[in-house]
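Here is a short briefing on one protein chain and its ligand. Please keep the structure in view while reading.

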Amino acid sequence: MTLRWKARCLALLVLLLAAAIPHARSTADPGDDELAQLLQAKSDDTAAVRQFKESGKNPYNRDPDAVAAGFKLARAYACTHCHGGDLSGLIGPNLTSGNWRHLRNGTDKGMFQTLYFGTSAGMAAWGKIGALTEDDILKVIAFVRSKYRGKSITWE
Ligand code: HEC
């Protein structure tokens, strides 16, 4: 290989890396304003969403109907494809151990933020893109919590 080709290959490699790095660096975290706005009551909020916005707690947790609906949504939106049928982890991390990559997921509010706005490392912004409604997100969270297998099962 001539030196010129080597230089070209190197340039290509640098370009590829440059394409990858901004993605890794960018953050999907919303600004404080954007998050506060989302958590403000809206006239068409369901009763559960209203309660969640007031208390920060998901009223659907441990509600068998909501957990079943959340499971259906989780299958329809491929949560179970990436996180495994029992959510113990596949392409995406284990969601059953309480051992979070993003600590905020230990709270309902934090997981709501994750599911609404996504993350910069592989999770889509399900709420923001309009795939899941706020009520859907609460049901999916109830499903995720129902699979919790952590020793000290706590979430706020
Ligand atoms: C294309 C694969 C994919 C799909 C589909 C997917 N996820 Fe994820 N998920 C990931 C990856 C990858 C991460 C790790 C992201 C990160 O580290 O920022 C993640 C992270 C998460 C986290 C945070 C985990 C932690 O440890 O902090 C939660 C909660 C979560 N996903 C729930 C869901 C739910 C609920 C759905 C369905 C609505 C879903 N995911 C769909 C790939 C996926």
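Buried residues account for 24% of the 156 residues in the protein. The model is predicted. It holds seven helices and zero strands, so the order from the N terminus is α-α-α-α-α-α-α. Of the contacts with a separation of 6 or more, 59% join residues 24 or more positions apart.

**Confidence**

- The average pLDDT of the protein is 86. A score of at least 70 is reached by 78% of the residues.
- Residues 21-26 fall below a pLDDT of 50. Beyond near neighbours in sequence, that stretch has one contact in the model.
- Where pLDDT is low, predicted coordinates should not be read in detail.

**Around the ligand**

- The ligand is surrounded by 25 residues. The closest are Cys-79, Cys-82, Gly-92, Thr-119 and Gly-122.
- Helix H5 (79-83), helix H6 (108-117) and helix H7 (134-146) are the elements that each give two or more residues to this shell.
- H5 supplies the largest share, four residues.
- By type, the shell residues are 16 nonpolar, eight polar and one charged.

**Helix H7**

- H7 has 13 residues. From its first C-alpha to its last it reaches 19 Å, close to the 18 Å expected at 1.5 Å a residue.
- H7 is largely enclosed by the rest of the structure, because 11 of its 13 residues are buried.
- The buried residues of H7 are Glu-134, Asp-136, Ile-137, Leu-138, Lys-139, Val-140, Ile-141, Ala-142, Phe-143, Val-144 and Arg-145.
- Cover for these buried residues includes H3, H4, H5 and H6.
- Ile-141 of H7 is buried. Leaving out residues up to four places away in sequence, Ile-141 touches Asn-58, Asp-108, Met-111 and Phe-112.

**Helix H6**

- H6 is mostly covered, with nine of its 10 residues buried.
- Those buried residues are Asp-108, Lys-109, Met-111, Phe-112, Gln-113, Thr-114, Leu-115, Tyr-116 and Phe-117.
- What covers them includes helix H2 (32-38), helix H3 (47-55) and H7.
- Three of the buried H6 residues, Asp-108, Met-111 and Phe-112, are among those that Ile-141 touches.
- Gly-118, just after H6, takes a positive phi of about 75°.

**Nonpolar core**

- Which residues touch the most other members of the largest nonpolar core? They are Leu-115, Ile-137, Leu-138, Val-140, Ile-141 and Ala-142, out of 23 residues in that core.
- H3, helix H4 (64-76), H6 and H7 are the elements that give two or more residues to this core.
- H7 gives the most, seven residues.
- In soluble globular proteins, nonpolar side chains tend to be buried together.

**Ala-69 and Ala-142**

- Ala-69 sits in helix H4. It is partly exposed, because 19 C-beta neighbours lie inside 10 Å and the buried class begins at 20.
- Ala-142 is one of the buried residues of H7.
- Along the chain Ala-69 and Ala-142 are 73 residues apart, and 9.2 Å separates their C-alpha atoms.

**Loop residues**

- Ala-78 lies in the loop between H4 and H5. Its phi is near 65°, a positive value in a residue other than glycine.
- Is Ala-78 buried or exposed? Ala-78 is exposed, because 12 other C-beta atoms lie within 10 Å and a residue with 12 or fewer counts as exposed.
- Leu-87 lies in the loop between H5 and H6. Leu-87 is not a glycine, yet it has a positive phi of about 65°.
- Leu-87 is buried, because 23 other C-beta atoms lie within 10 Å and the class requires 20 or more.
- Trp-100 is also placed in the loop between H5 and H6. With 16 other C-beta atoms within 10 Å, Trp-100 is partly exposed.
- Not counting residues up to four places away in sequence, Trp-100 touches Asn-105 and Gly-106.

How values were computed:
Residues are numbered from 1 along each chain as its sequence is written. This is a predicted model: local features need pLDDT of at least 70, side-chain atom pairs count only at pLDDT 80 or more; totals for chains, interfaces and linings use all residues. A residue is near a molecule or strand if its C-beta atom, placed from the backbone, lies within 6 Å of it. Ala, Val, Leu, Ile, Met, Phe, Trp, Tyr, Cys and Pro count as nonpolar, Asp, Glu, Lys and Arg as charged, and the others, Gly among them, as polar. Two residues are in contact if their C-beta atoms, placed from the backbone, lie within 7 Å. A nonpolar core is a set of buried Ala, Val, Leu, Ile, Met, Phe, Trp, Tyr and Cys residues joined through C-beta atoms within 7 Å. The expected span of a helix is 1.5 Å times one less than its number of residues. pLDDT is the predictor's confidence in each residue, from 0 to 100.
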